[in-house]
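Biologist: I would like us to take a close look at one part of this protein, slowly enough that a first-year student can follow. Please keep the structure in view while we talk.

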Amino acid sequence: MTAMAQANQDRPIVRDADDISALVNAGPQAGSHARMVVALALGGVFLDAYDLTTLSWGISDVQAHFGLSAFQTGLVAAALNAGTIVGSLVGGWLTDRIGRYAVFMADMVCFVIAALVAGFAPSASILIMARFAMGFGVGMDLPVAMAFLSEFSRLEGRGSKAAHAAAWCPTWYAASSACFVIVFILSYVLPVAHPDWLWRASLAFGAVPALVIILVRGRYMSESPVWIARRGDLERAADILRRSYGVNPVVCPARGQKPAVVHTDPWRLVRQPLLRRGLIIASMTLISSMSYNIIIFGLPTLLVSIVHANAAQVVVISIILNLVVAFPGGLLGVRLARSFRSRPIILAGYILQVVGIGTLALIGVPHGTVGVIAALGGFAAFLFAQGFGPGCQLMVYPTLSYPTELRGLGIGVARLISGIGGTLILLFFPWMNTHLGPAMFWLVLLAPLAGMMIAFFSRWDVFGYDPDMDPALRQQFVPARRNTGAAAPELLFSTDTRN
């Protein structure tokens, strides 16, 4: 046998979309572009976090500059989250309908335009509309970014689907930290006589990384091979694997049989077992987004009112909490996601959040050094727990709960729920801070308590699970598809732990 014949014999055979999924699950070859695709997808997540964080410190300057009431200030604060509500649904649907690549490029362009308009907004109305457009871009980006992370990653081990989906969390905290570092530097560079220049510059800077992603996309980014294969185009899916994944398959569909085409049917989200999974994800996402948004967005304001920190101390403390506490928590979450079941991790995160918020509620306004340290410890406990627990897992769950043809919409619905929770909280945060003060932590405490109960009684777990290879979902979506004969691992589809 010649060397060429031996090489051809060693090439994997692709007969249908299941074979494409199996090759992706096995992992990329050395020298492939898969890691760069993952990095670019996480770059989109970086932009999402940066845009959300930019006004968390400067909302009081915006209020003073435009002479806004508390309610109008709430509108500015909540505009981005409100945009995610629309963008998540539209982006999720388009991600499944027209593909991952086109939606990813569209939301990058949206980021550039919205960031520049927000930075140069002549009025509060324009700023609100620009922030809404930013939120629309964020809403579009997360479903497509998570789809890319899942569909260019192996199933298990280092660089697994769960680990890459969980990586959105440390990326988010890195972006938040970068935002505060940029603000800290700009505060010493820009003239004090123009306080509005600081928040304007930080908003406009969000266009820079989006432009970088747009410029390098052509060399590394491509459509998802799994999504293409599920649409019936095995040749194109195999070509993507050759160029981006380092795998050189031979397409050989069964004789006389066309590749099965999986059609997107959004109504399957309200049928079992996806409905049951969706309700679990939605309930935990809603309550977690409310508690997270009130802590992270309100952190600068809370530091001033509770700890009596000045402007410089607020920025420094925010950087420390994000970079030294929350970011390592996110890295721990990535490590745990690739090795341990998801449900115990998220449960442990909620328990630690109860401890952190409970500490803040009991302390109220701290008195003395011990009280200030304890209050900062409460913030730190919450953010560290968010990093390894709900922050990571509430993106892992929707990413790995839905098959490829509904993954974008499933994630979009989860982010829509998150946007609703965040919008409601940010809209009323100025009022709550004014009328309740530290007593509002007793209300915030209800969120992780509820999440803890849901995680405790829920049996749904996504560790090591690939919905595209689930026999039950396969029969639902493509009744006539070829049976590969591969037995499903008992752990994945046991009725004791699934659905």
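Biologist: How much space lies in the largest cavity?

Modeller: This is a predicted model, and in it the largest cavity holds about 340 Å³ of space. Of the 24 residues that line this cavity, those closest to its centre are W168, W172, Y292, R415 and S418, so it is a good idea to find these five in the picture before turning to the rest of the lining. The count of cavities of 30 Å³ or more comes to five.

By class, the lining of the largest cavity divides into eleven nonpolar residues, twelve polar ones and one charged residue. Both domains take part, since at least three lining residues come from domain 1 (14-252) and at least three from domain 2 (266-459).

Turning to the helices, at least two lining residues are supplied by each of helix 5 (70-98), helix 7 (124-151), helix 9 (168-189), helix 14 (274-296), helix 19 (390-401) and helix 20 (404-435). Among these, helix 14 gives the most, with five residues in the lining. Just ahead of helix 14 in the chain there is a loop, between strand 2 (250-251) and that helix, and P273 lies in it; the peptide bond that leads from Q272 to P273 is cis, with omega near 5°.

Two of the helices that supply the lining, helix 5 and helix 7, also pack against each other. Two packed helices are described by the angle between their axes and the distance between the axes. For helix 5 and helix 7 the angle is about 40° and the axes are 6 Å apart, which makes helix 5 oblique to helix 7. Their crossing is right-handed, and the contact between them has 17 nonpolar, nine polar and one charged residues.

Helix 5 has a further partner in helix 4 (residues 59-66), and these two pack at an angle of about 125°, with their axes 10 Å apart. Helix 4 and helix 5 are therefore oblique to each other as well, and their crossing is again right-handed.

Conventions. Residues numbered from 1 in each chain as written. Predicted model: local features only at pLDDT ≥ 70, side-chain atom pairs only at ≥ 80, totals over all residues. Heavy atoms only, no water. 1 Å grid on protein atoms, 1.4 Å probe; cavity = no way out; pocket = protein on both sides within 12 Å on 5 of 7 lines; lining within 4 Å. Points joined across faces, edges and corners; volume = space filled by probe spheres on them. Helix = DSSP H or I, 4+ residues; strand = E, 2+ residues; numbered from the N terminus. Nonpolar A, V, L, I, M, F, W, Y, C, P; charged D, E, K, R; others polar. Domains from an automatic or database assignment. Axes fitted to C-alpha atoms, helices over the stretch in contact; angles between N-to-C directions. Parallel < 35°, antiparallel > 145°, perpendicular 65-115°, else oblique. Left-handed = near helix turned anticlockwise from the far one by under 90°.
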